[in-house]
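Student: I have a model open and some questions about its core, its surface and its salt bridges. Can we go through them one by one?

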Amino acid sequence: MARAAKLGMKLEWIKDGSSARIIMGPIPAIKYDRPRDRKIWFNGMVAAYTISRDDNGQSDELTKAAAFGNGDPLPSDIVYDCLQIMEEESVAIPWQKGDVLLIDNCVVLHARKIFTPPRRVLAALCK
């Protein structure tokens, strides 16, 4: 808990005590990228909002997954508009065995599409 607090986060234990939810924020949705001299979308609100839903699109915790700084829930139509824009702007990389891909995690949103196993991806983070 102390480490989370130092990073500006809060841990909230799930009702059954099996795990914790990480609460961050409020944090800005947009950051300024000095090397590229431009504003960038640096935000996980769409993922937080959509990942909390079950297969039927329902969740009793949905409004807590991503919210405004004052705690008000994000309007779902706006979240899904953002999701649509992200989908339209996405680029699929045609992976082949032995490929290496470097991503600037501060500039590019990254995700994975549904895939057919087997798949093995090794990742490393650098500062």
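Tutor: Start with a term. Buried means under 20% relative accessible area, exposed means over 50%, and partly exposed lies in between (1.4 Å probe, protein chains only). This is a predicted model: local features need pLDDT of at least 70, side-chain atom pairs count only at pLDDT 80 or more, and totals for chains, interfaces and linings use all residues. Residues are numbered from 1 along each chain as its sequence is written, and side-chain values use heavy atoms, leaving out hydrogens and water.

Student: Is Asp104 buried, partly exposed or exposed?

Tutor: Its relative accessibility is 34%. The partly exposed class lies between the 20% and 50% cut-offs. So Asp104 counts as partly exposed.

Student: Which residue forms a salt bridge with Asp104?

Tutor: A salt bridge needs a side-chain nitrogen of Lys or Arg within 4 Å of a carboxyl oxygen of Asp or Glu. Here the closest N and O atoms are 3.1 Å apart, and the partner of Asp104 is Arg36. The pair links distant parts of the chain, 68 residues apart: Asp104 sits in the segment after H4, Arg36 in the loop between strand E3 (30-33) and strand E4 (38-41). Helices (H or I, at least four residues) and strands (E, at least two) are DSSP runs, numbered from the N terminus.

Student: Which residues do the shared salt bridges join into one network?

Tutor: Arg36 also forms a salt bridge with Asp33, with closest N and O atoms 3.0 Å apart. Asp33 is buried at 9% relative accessible area, whereas Arg36 is partly exposed at 39%. Shared partners make one network of Asp33, Arg36 and Asp104.

Student: Which element gives the largest share of the largest nonpolar core?

Tutor: A nonpolar core is a set of buried Ala, Val, Leu, Ile, Met, Phe, Trp, Tyr and Cys residues joined through side-chain atoms within 4.5 Å. The largest one has 7 residues: Met45, Val46, Tyr49, Ala66, Leu74, Val79 and Cys82. Two elements give two or more residues to this core, helix H2 (45-51) and helix H4 (76-89). The largest share, 3 residues, comes from H2.

Student: How far apart are the end C-alpha atoms of residues 84-122?

Tutor: UniProt lists this span as "domain: TauD/TfdA-like" in an unreviewed entry; such annotations may be inferred rather than shown by experiment. Residues 84-122 are 15% helix and 0% strand. The distance between their end C-alpha atoms is 29 Å.
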